[in-house]
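Me: Could you take a close look at one helix in this model for me? I would like to see how a single residue in it fits in with its surroundings.

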Amino acid sequence: MSVKSAYSMVLGSLLLALPASKASDPAATDKAAGSSQLKATSATEPKATAGQANAKAPAASELELYEVEKQMIEKTNAQRARYGLPPLRAVRTLVQTARSHAAWMTNNHTLQHSHQAVGENIAMGQHTTDEAVSDWMNSPGHRANILSAGYTQTGVAAYTTPDGTIYWCQQFSP
């Protein structure tokens, strides 16, 4: 695997962070004890929970996020607020590229950065959004991406393999 020199790697639950210089299928979620647990799905065709399937379709200008994506953004923005930073805003293009890349990693069982010109945090093996964001905050490269005052936009995704391994992707832009 070829990764540019500006990366960090944490062993155990694998994590990689790549700053902005280089850098499809949402998983269904359950709420359990205040954090979300992802259900196993393949990353080939979108699947929605019953609640999502029966929900009113969003307006064309409204960005539709899955519960796990909402939680990832909320937890990331809570970390930014602790340091006096403004919240990141989810944008359609970054959500689409994060979903596409998370799906690719899930289908290929590969933890590898995309070639998008964005800041990017990726991870695999964490079981909840709390665990993923906590692991990123405990890694200097990931933490730098989350706490960068230069980033104002984000897109996130998490996909689960049939064996239960979760691949996470978080992308940032100014």
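What follows is a walk along helix H2 and through its surroundings, with Thr76 as the residue to watch.

Reply: Happy to! Please keep in mind that this is a predicted model.

Let's begin with the helix itself. H2 covers residues 67-82. With its 16 residues, H2 reaches 23 Å from the first C-alpha to the last, close to the 22 Å expected at 1.5 Å a residue. After H2 comes Gly84, which has a positive phi, near 75°.

Several side chains of H2 are hidden from solvent. The buried residues are Val68, Glu69, Gln71, Met72, Ile73, Thr76, Asn77, Gln79 and Arg80, so you will find charged and polar names such as Glu69 and Arg80 in that list alongside Val68 and Ile73.

Now to Thr76. This residue has a relative accessible area of 2%, and because buried means under 20%, Thr76 counts as buried. Its side chain makes a polar contact with the side chain of Gln170, at 2.7 Å. If you set aside the neighbours within four places in sequence, Thr76 is in contact with Leu88, Val133, Ile146 and Gln170. Gln170 therefore appears both as a polar partner and in this list of contacts.

One of those contacts, Val133, leads us to the helix that packs against H2. H4 spans 129-137, and Val133 is among the H4 residues that H2 meets. The axes of H2 and H4 are 9 Å apart, at an angle of about 35°, and H2 passes H4 in a right-handed crossing. On the H2 side of this meeting are Val68, Gln71, Met72, Lys75, Thr76 and Gln79. Facing them from H4 are Thr129, Asp130, Val133, Trp136 and Met137.

Another contact of Thr76, Ile146, takes us into the largest nonpolar core. This core has 20 residues, and those touching the most other members are Met72, Trp136, Ile146, Ala158 and Trp168. The elements that give two or more residues to the core are H2, H4, strand E7 (153-160) and strand E8 (166-173). H4 supplies the largest share, 4 residues. A separate core of 10 residues lies apart from this one, with Ala157, Tyr159, Tyr167 and Cys169 among its members.

To pull the picture together, Met72 and Trp136 both take part where H2 meets H4, and both are also among the residues touching the most other members of the largest core. Thr76 belongs to that same H2 and H4 meeting, while its side chain makes the polar contact with Gln170.

Note on methods:
Residues are numbered from 1 along each chain as its sequence is written. This is a predicted model: local features need pLDDT of at least 70, side-chain atom pairs count only at pLDDT 80 or more; totals for chains, interfaces and linings use all residues. Side-chain values use heavy atoms; hydrogens and water are left out. Buried means under 20% relative accessible area, exposed over 50%, partly exposed in between (1.4 Å probe, protein chains only). A polar contact is a pair of N or O atoms within 3.5 Å; within protein, one must be able to donate a hydrogen and the other to accept it, and residues adjacent in sequence count only if both atoms are side-chain atoms. Contact means heavy atoms within 4.5 Å. A nonpolar core is a set of buried Ala, Val, Leu, Ile, Met, Phe, Trp, Tyr and Cys residues joined through side-chain atoms within 4.5 Å. The expected span of a helix is 1.5 Å times one less than its number of residues. Axes are lines fitted to C-alpha atoms, for helices over the stretch in contact, and angles run from 0 to 180 degrees between N-to-C directions. A crossing is left-handed if the near helix is turned anticlockwise from the far one by less than a right angle, and right-handed if clockwise.
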